[in-house]
Amino acid sequence: MTGAWPRARHVGLLLLVPAVALAHERFIRHQLKQPLHDEFFRRYPGAFLGMHPAMLRMGLNAVIVLAAFAVVWLVRHPIDEAIERAVVGAGRGVQHAVHLLACFVTDRPVRNRVFYAIGQWGVIMFLRVPGLVLMYSAANNSLVMPSYPLDPKTEFFFKMAQAALAVLILTQTLLPLCGALLVGTWIYLNRWGWMVAADALPVLSVAVVYLSSPWESHKLTITDLSEWQVRWVRLTLGFGFFALGWLKIYNHDLVAGVADQYPSVLDDPMVKLLAFGADPSFKRECWVVSFALAEVLSGFMVMTGTFLRVWSVIMAAMFTKLMLVDFGWNEIPHLFPIGALTAIAFSSRLTSELRPVEVLEGRAGRDGKRLRQAAIIGGAAVGLALVVIFPMLFALTFTDRANLR
Amino acid sequence: MSAPTTSGLASVRIFQHLGPDDLKKIDKIAKRKKVAAGTVVFFEGNRADAFFIVVSGSLKVFQTAKNGRVKVLSTIGPGETFGELAMLDGQPRSASVETVAESEMLVIARDDFKNLATATPGILWGVLEGVCARLRAQNDSELEAAFQGTQYRVAKAILKLADKHGKKADAGVRVPPTFGARDLAEMAATTADRVERILEKLEDDGLVRVDDGDLVVPDLSSLRRALDYMGSP
């Protein structure tokens, strides 16, 4: 790890060679069939917080869902113990199965041969799948993702560079250099605009692992991630989705356009839950906001390590559906987040950013101060949910989207 | 083993220094629990809310590696206690405990024990002695794992089982059938197949005998002496 960051900076600077390319949705159609109501997303005079009531309702729904998840997370141990106690007389096999399931759901180490084998496989896939994605992009004259077409002037250089990087990744050679090159490529993506770079944020999660690998990586069998690596993978990956969620509300036409073209993406129980009670006359607008908030919530859960395995499995299943059912072959790069989510879902080294709250409420519980314990849990859950959702939702109503058209 | 009366409690090592009044107090807060064979009392990583005193039966203390392999750290019999470590430091359980045979135990909740120990500090000394004994056993076990061969570790595991859970019979000391080759393998950090092969060799040497599926040690002192020769120089 020592010395990897300075090298990353040098390689990143090298990659900032001037080139012109336009990032746009080349393969995924996104034309709106009919325009959205712009005023829905903007300041709404006379309404509470100046937000459209349906937007406010969905924001509240998101706060309730997030707070509920946070509360259940903070009281997961007593719930788990009650369930495990209930099956004590049901026989050894049932007891062990329930215990393993409880460990999986509550992000505790799962000490099981099959789980361990899947985890090892997940890490192998996670570390190598960027190589496949790069090869696919090179074959499609794109950079990193098929959506970013290369400028014909620099096409040859970038195609060869991607192929070379893919070979290094697939053979697990000089992984810190691979990490530095990925970081450099991500910095380079900013030339297309900050939204393009934000779209590729999740790619940085594997760069974290590469950068923290030894230079002699080709000699090693890397089948496990350290606690530090898992933490940074979830932080970068989760933050990527969290940011992308907010970006979807900002760039609402693009998201609604995709939904217009691929109506099957509308069918999502979480999205329906978040849109519950919102004005049905703004169906498409509500879908955009609830879809975006679902991504914000899942990204936040992954980022903070709150029911990380559950969310990782849900998101991996969702990406698989997008790849196999909704969009087809052109979304094959989604193998990357699937690999990342598999690697963290099947790791037994999970940590949570809500740990300080757990320590506080645990201390209150051990001292017998039940009221104080409940106040810490409730206050932290609701406070956190409000802070995560409303400031950004409120701020977005002030933004001007004229530059997006 | 007798029912958990105050006289029964007096035979528990950590309560040996206590008077009848203190034993009565313990009798009041302790809850009796009967558990069928093959039941996990608690899993490694669970929160600690109580500690346990074994009245009858036998249990094994084990840890599970990430890949699912199990290592039995020790076995527990009547009069012994378990679960005190996590109860004292408030950390999650460091190992799992499972009943090998039907067992009866007394359960003392953490808060009750805390109040009791504050009023009767002598109990804490008893608990500390128990923790120290387990720590020493753990050190010995680690030393054995590092420097002794598999045959030594299997023979040592048989000796421990016979000492703690064996029943004297005409033909020697009979280890209860509840402890099988898999348990021996988990205690000696090896595989059940390897244990079977070592048992055959020990049987050839006359140190153990398999009788109707039970493991019988004809002469404990012979097995103990043989261990000296099995150990590396």
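Biologist: In this predicted model, why are α5(A) and α9(A) called roughly perpendicular to each other?

Modeller: Helix α5 (residues 113-139) of chain A and helix α9 (residues 204-211) of chain A pack at an angle of about 115°, with their axes 10 Å apart. Angles of 65 to 115 degrees count as roughly perpendicular, and α5(A) and α9(A) are therefore described in that way. In addition, α5(A) passes α9(A) in a left-handed crossing.

Biologist: Which residues make the contact of α5(A) with α9(A)?

Modeller: From α5(A) come A:Phe126, A:Leu127, A:Arg128 and A:Pro130, while α9(A) supplies A:Ser205, A:Val206, A:Val209 and A:Tyr210. Sorted by character, the residues of this contact are six nonpolar, one polar and one charged.

Biologist: Turning to chain B, what makes β9 and β11 the edge strands?

Modeller: Four strands of chain B form an open sheet in the order β9-β10-β12-β11, with antiparallel pairing. Both β9 (167-169) and β11 (209-211) of chain B pair on one side only, and that is what is meant by an edge strand here. From one strand to the next, the twist averages 40°.

Biologist: How do you know that β10 and β12 of chain B pair?

Modeller: Two strands pair if there are at least two bridges between them, and three bridges join β10 (residues 172-175) to β12 (residues 214-217) of chain B, so the condition is met. As one example, B:Val173 has B:Val217 in β12(B) as its bridge partner.

Biologist: Which helix lies across β9, β10 and β12 of chain B?

Modeller: That is helix α6 (residues 150-165) of chain B, which runs at about 95° to β10(B).

Methods:
Residues numbered from 1 in each chain as written. Chains lettered and ligands numbered in written order. Predicted model: local features only at pLDDT ≥ 70, side-chain atom pairs only at ≥ 80, totals over all residues. Heavy atoms only, no water. Axes fitted to C-alpha atoms, helices over the stretch in contact; angles between N-to-C directions. Helix = DSSP H or I, 4+ residues; strand = E, 2+ residues; numbered from the N terminus. Parallel < 35°, antiparallel > 145°, perpendicular 65-115°, else oblique. Left-handed = near helix turned anticlockwise from the far one by under 90°. Contact = heavy atoms within 4.5 Å. Nonpolar A, V, L, I, M, F, W, Y, C, P; charged D, E, K, R; others polar.
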